[in-house]
Amino acid sequence: MVIGGNGYSSYAGNQFALIECLLDVHEHSRRRMKGMQISGQMKRLLLMNAASTVIFNYIGIFVNLFIWEKNNNISEVVWFNLIMFITWTFAFAVGSRLLTSYTTRVLIRTNAVCGGVVFLLLSVLELENRLLWITIIAIPIGVMWGFYAAAQNITLSVYGKGKDFEQYFSIANIINQLVSIINPIAFALIIKWIGYSGSFLLMFVFVGLLLTVSFYIPTITLAGESVPLFRGIQFRLVFATSALRWMVPSLLAAGIFLQFQVLFALVFTFSVSEDKLVIAMLNVLYACFAIGAMMLYRRLKTREGVWLAIGMIFVSVGILLPLLPKAPILIISNILTTIGMFYFGTVWNTRQFRIIAKQSAIQQARIFLWRECFLNASRILLLILALSVKDIRGGAFIFLIMLALACALMVPYFSGKSTEAFERQTEQEES
């Protein structure tokens, strides 16, 4: 996943979902990189990761821009993201269920097919009803994200304990950083040269590559688990410890301010300029600041809590700056939130992964399923509220700023309580 910036790969997923793995192994793996041998299966998995990153990075920037350019309407961009996240949530649950019968290959092939459908629709579909058109485009993108997130989670569960873990995430990190810098500029120039339609057709090359590689990636599945995924899926059984339960309010609060940053980072960038190359360069700028933040994180031996505090200060200032909606201020806001989100996401996800990693593979899958639902539920709530925002000067936008700021400040408290409970539990088990 790409770190920082404005594309949905900045979170998303999961946005920081794997960053703790990258950072934990990066320094050690860097010293071993020259003599490190990568298996054929891992090379194909990395190729899949690269093709997916190119597609999602493109969607996160240029599909949103394509929607924005028609009417410069914030509500249309919000509607696209709202439908996408609703679909993403259901697709993640369906994808997790499919993994109990099929392998990750099926999910990635479905991803490729949905990608082909998306770019075909963008090329040929025209409807008078603007919201219906956006809905039709957003649904297959939501399926792509949900299935990809489910496949990534089970891959993490398997390779997180295997010998290939270190090699995969180290190289994947390099690939994602390169894509986040090269991809926006390359496609900005392509769109200027041959237009959106030409770039949509070019994306079929990456969709085809993803489909081809899906036939060769490792076959990872939950089919061998003795207990079905949805047996014991009840909240009280999945979140059976105090450490896990404290994760819930942290996830709900995080979804609000994470989605605020992702959505309005796009809007702020589009408000500064609609020139494709300028937008691409701004995304490269944000990616470079994220990389700089990562390098500083690796070099300085500082406690987790300090990095989290630094991250929240940057995020809070970045959230407040748009109260003065001038172009340079909006760019500075994006830079500060990109840096702050990196430090926040690194510590927050490290702490959560540390807790989740103690569970069995099937229990991890259940936690990931609930985790995705909590995050996306609060993201969807923020997007519903954002539908009333007409511009970045009105009262509705100021209310969202205050809500995002409050949630950002609450997350470290809940994260700290979860970590304290986990450490107490670990001490009791060891004594």
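# A walk through an all-helix model

Let's begin with one residue: Ser-123 sits in helix H4, which covers residues 104–124. This is a predicted model, so please read every value below as computed from it. Ser-123 has a relative accessibility of 26%, so it counts as partly exposed. Leaving out residues up to four places away in sequence, Ser-123 touches Ser-197, Phe-200 and Leu-201. Take Phe-200 from that list: it is 77 residues from Ser-123 along the chain, yet the two C-alpha atoms are separated by 6.5 Å.

Now step back to the whole chain. The protein has 13 helices and zero strands, and from the N terminus on every element in the run is an α. Of its 431 residues, 60% count as buried. Among contacts with a separation of 6 or more, 84% are between residues 24 or more positions apart. The pair Ser-123 and Phe-200, 77 residues apart along the chain, gives you one example to look at on screen.

Next, the interior. In soluble globular proteins, nonpolar side chains tend to be buried together. Here the largest nonpolar core holds 129 residues, and the members touching the most others are Tyr-58, Phe-62, Phe-119, Ile-141, Phe-257, Phe-264 and Phe-344. Helix H8 gives the most to this core, with 17 residues. To see the surroundings of one member, pick Phe-344: apart from residues up to four places away in sequence, it touches Ala-254, Phe-257, Leu-258, Leu-308, Gly-311, Met-312 and Val-411.

Aromatic rings deserve a stop of their own. The structure holds 36 aromatic pairs. In the pair of Phe-239 and Trp-370, the ring centres are 6.3 Å apart and the planes stand at 85°, so the arrangement is edge-to-face. Phe-239 belongs to the loop between helix H7 (235–238) and helix H8 (242–272), while Trp-370 belongs to helix H12 (residues 361–386), so this pair ties together parts that are 131 residues apart in sequence. The two partners can also be described by their accessibility: Phe-239 is buried at a relative accessible area of 1%, whereas Trp-370 is partly exposed at 23%.

Elsewhere, ring pairs join Tyr-58, Phe-62, Phe-66, Phe-119, Trp-133, Phe-187, Tyr-196, Phe-200 and Phe-206 into a cluster. You have already met Phe-200 as a contact of Ser-123, and Tyr-58, Phe-62 and Phe-119 as well-connected members of the core. A ring can have a charged neighbour too: Arg-109 lies over the face of Phe-215, 4.0 Å from the ring centre.

Let's return to helix H12, this time for its packing. Helix H11 (residues 327–356) packs against H12 at an angle of about 145°, and their axes are 11 Å apart. From H11 come Trp-348, Asn-349, Gln-352 and Ile-356, which meet Gln-364, Ile-367, Phe-368, Arg-371 and Leu-375 of H12. The residues of this contact divide into five nonpolar, three polar and one charged.

H12 also holds Arg-366. Is this arginine buried or exposed? At 6% relative accessibility, Arg-366 counts as buried. Its contacts, neighbours within four places in sequence aside, are Val-227, Pro-228, Leu-229, Arg-231, Gly-232, Ile-233 and Val-238. Arg-366 and Leu-237 are 129 residues apart in sequence, with their C-alpha atoms 9.9 Å apart in space.

For a link to the last helix, find Ser-418 in H13 (residues 395–430). Ser-418 is buried, with a relative accessible area of 4%. Its C-alpha atom is separated by 4.3 Å from that of Ala-243, although the two are 175 residues apart along the chain. Ser-418 touches Ala-243, Trp-246, Met-247 and Ile-355, again not counting residues up to four places away in sequence.

We finish at two asparagines. Asn-71 is found in helix H2 and is partly exposed at 44% relative accessibility. Beyond residues up to four places away in sequence, Asn-71 touches Glu-76 and Arg-130. Asn-72 lies in the loop between helix H2 (40–71) and helix H3 (74–98), and at 39% relative accessibility it counts as partly exposed. What is the phi of Asn-72? Most residues other than glycine have a negative phi. Asn-72 has a positive phi of about 50°, although it is not a glycine.

Conventions:
Residues numbered from 1 in each chain as written. Predicted model: local features only at pLDDT ≥ 70, side-chain atom pairs only at ≥ 80, totals over all residues. Heavy atoms only, no water. Phe/Tyr/Trp six-rings, centres within 6.5 Å; stacked < 30°, edge-to-face > 60°. Helix = DSSP H or I, 4+ residues; strand = E, 2+ residues; numbered from the N terminus. Buried < 20%, exposed > 50% of the residue type's maximum accessible area, 1.4 Å probe, protein only. Lys NZ or Arg CZ within 6 Å of the ring centre and 35° of its normal. Axes fitted to C-alpha atoms, helices over the stretch in contact; angles between N-to-C directions. Contact = heavy atoms within 4.5 Å. Nonpolar A, V, L, I, M, F, W, Y, C, P; charged D, E, K, R; others polar. Core = buried A, V, L, I, M, F, W, Y, C linked by side-chain atoms within 4.5 Å.
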